[in-house]
Amino acid sequence: MRKLLFQSLFRPPFTERAPSPDDAALNELATAVGRAARRRLGRSLSIREIDAGSCNACELEIHALNNAYYDVERFGLRFVASPRHADILMVTGPVTKNMREALARTYHATPDPKWVVAVGDCAKDGGCFSGSYAVVGGVGDVIPIDLHIPGCPPTPMAMLKGLLALLERVAGAGTA
Amino acid sequence: MPPLTDLMHKGRKVAQHRPWSRAVVDAADWSRAAGELARGNCSLLALWGEPSAVHMAISDKAGGEIVVLSVDCPGHTYPSVGMRHPPAIRLERAISDLFGLSAEDLPDTRPWLDHGSWGVRFPLGNRVKALSKPAPYRFLPVEGDGLHQIPVGPVHAGIIEPGHFRFTASGETVVRLEQRLGYTHKGIEGLMSGADLERAAQLAGRVSGDSTVAYAYAFSKAAEAALKIAAPDRAVWLRALLAELERLANHLGDIGAICNDASFALMHAHCSVLRESVLRAANDVFGHRLMRDIIVPGGVTRDLGDDGKEIIHAALDNLRLRFPTLVELYDNTASLQDRTFGTGSLKPALASQYAAGGYVGRASGRAFDARRNLAYPPYDALRFEVPVLNDGDVNARVWIRVREVEQSLSLIDQILHRLPKGPSRIPVRPLEEVGEGMAMVEGFRGDVLVWLRLRGGRIERCHLRDPSWFQWPLLEAVIEDNIVADFPLCNKSFNCSYSGQDL
């Protein structure tokens, strides 16, 4: 383990190691997210993820936000275990009828000010599952949403961009 | 005479079913089949309903010979399999929820997928209006001095799917875990009925996102069997390439995540980087990080050029360089092994009874891998080992994944080296006649089974069975006598799909 840790000391971070247009975009985006998040909430913005019925692909990509390539914690954005600790709810999936109540209760358990980000094509209007007897529809059919990030699933990069857009809008409107 | 052959001979064979045989049997022979399952002479692969019939797929114990038995249910009842063979209980509860067909003498008649919120009952059978006040769900009673209960979910503390776990503990020790699932039920099989092939393939790839390749693969094979067509050689090999990349990415993610649940974040950080490298290669080559919607009936939608081969080779070289160090780290960290060793042990007898697929079965002595036992192309022409261990603990499930990563690396090399030339997709024309097809494909989690009936180019009925159906109940068994704090570790080492089970 010491060897591995030692090597890590000398190895450049993964985000900078292979510069490509994507990484450049990430860096640019990263700085902007950092600035906006700090201005609004002073370096700490907590996200609570809720799966309201997704196929779990969105969850995989949200997980990826935490890996060394995207490392959202650099910007003070972090995932928390309880809605009581959250500023942002990231909600995935078509909302199933079996999850409708749990989603609404989680929303109400989150203190104000709070923002809701609907993640993925299904979260918009139910996507390819709309019309099913078991599906309510999009996240917006159950709780008010502030932003939708499209994709099936959205890439981690698209999600970072989305969080930035939300922060800009919240800061611009001057409302809490 | 072997039990399966005997049962088949007694029934009325259905000619349109491919590639394995299907026979309609009477209630007595259906019960005999349940008896064979209970005695451990065969394995239950799937059990699913239609508005007035129930089907089950069973295999011999070696797993190579498969038959489908059907029984008509004119009175909306059929003899329970679950009464004699517990792995069928949840499946029969689901059939009752969706079709309104009840299994006679089923020991557990509580609803499973139906939480009373759909507004209808029996949505895939003869629909009736839902009860205005559904009865509250009753968890199994637990009695004893000093026991306490911990309800968890459906919204969990991490970035995971929803489900409810009801723990009963004595001090720190778990006495019983009872799961309640169904929260992500989207009615996929309902949406399938009447869908054309394109939409149905899209839906199949969204049953469980982490297995999107495996589902599209199994669905396409089943559809091709029903249509009496074969995908071109190149597509057959490309599909295996996609499947192995998916297996690699998921196993790498899991190995790290299991260690993370033992608070060993270093492994998680490094494994996440390796997983990301596979996803990026997949994105560069196939245009989608999870390789979604690439496999379709008739072939694959994206071919692989020389630059694609190079990208994959580069990703594999990187893995070969970095992965062994992580394996060594796992193997040499006593504090980590202290958590994984002897934790959440699954007895081989249970793994065999439930015909548990994937690393859950293979870590508990069940040497079944659809790639080997069914030897579907191109795996019949590839060299690989199927690692099997007998310890059945979290540690064994980690090691099975480690060995499978190594096997997948070798398989991808072989596929890239021997990839045949030619078209990668053929046009698919609907058949006039009715056709039924079935396929089983080894996903990263275990065998994914798809059964379907096509009529005039549309899906009449499609059933998709996730390997998690036979793994979730075993998680209830392995957590017993472990401490509550080890549940995340056990759960992650199983990594069952909620969405795949709930459908």
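**A tour of the chain B sheet and its contact with chain A**

Begin by selecting residues 447-455 of chain B, strand S17: in this predicted model, strand S17 is joined to S18 of chain B by 7 bridges, and the two strands run antiparallel. Within this pair, display B:Leu454, which stands opposite B:Ile459 of S18(B).

Next, widen the selection to the whole sheet. The sheet is open and consists of 4 strands of chain B, in the order S2-S16-S17-S18, with mixed pairing. At its edges lie strand S2 (17-18) and strand S18 (458-465) of chain B, each of which pairs on one side only.

Now add residues 212-227 of chain B. This is helix H6, which packs on the sheet and touches S2, S16 (435-442), S17 and S18 of chain B. The direction of H6 makes about 150° with that of S16(B).

Turn then to the contact between the chains, to which chain B gives 42 residues and chain A gives 38 residues. On the chain B side, select helices H4 (188-192), H5 (197-204), H8 (265-286) and H9 (306-332); each supplies at least two residues of the side that touches chain A. H8(B) provides the largest share of that side, 5 residues. Coloured by class, the side of chain B that touches chain A shows 18 nonpolar, 17 polar and 7 charged residues.

Finally, colour chain A by pLDDT. The average for chain A is 83, and 77% of its residues score at least 70. Select residues 16-25 of chain A, where the pLDDT is below 50; beyond near neighbours in sequence, this stretch has 5 contacts in the model. Where pLDDT is low, predicted coordinates should not be read in detail.

Technical notes
Residues numbered from 1 in each chain as written. Chains lettered and ligands numbered in written order. Predicted model: local features only at pLDDT ≥ 70, side-chain atom pairs only at ≥ 80, totals over all residues. pLDDT = per-residue confidence, 0-100. Contact = placed C-beta atoms within 7 Å. Pairing = 2+ DSSP bridges. Axes fitted to C-alpha atoms, helices over the stretch in contact; angles between N-to-C directions. Nonpolar A, V, L, I, M, F, W, Y, C, P; charged D, E, K, R; others polar.
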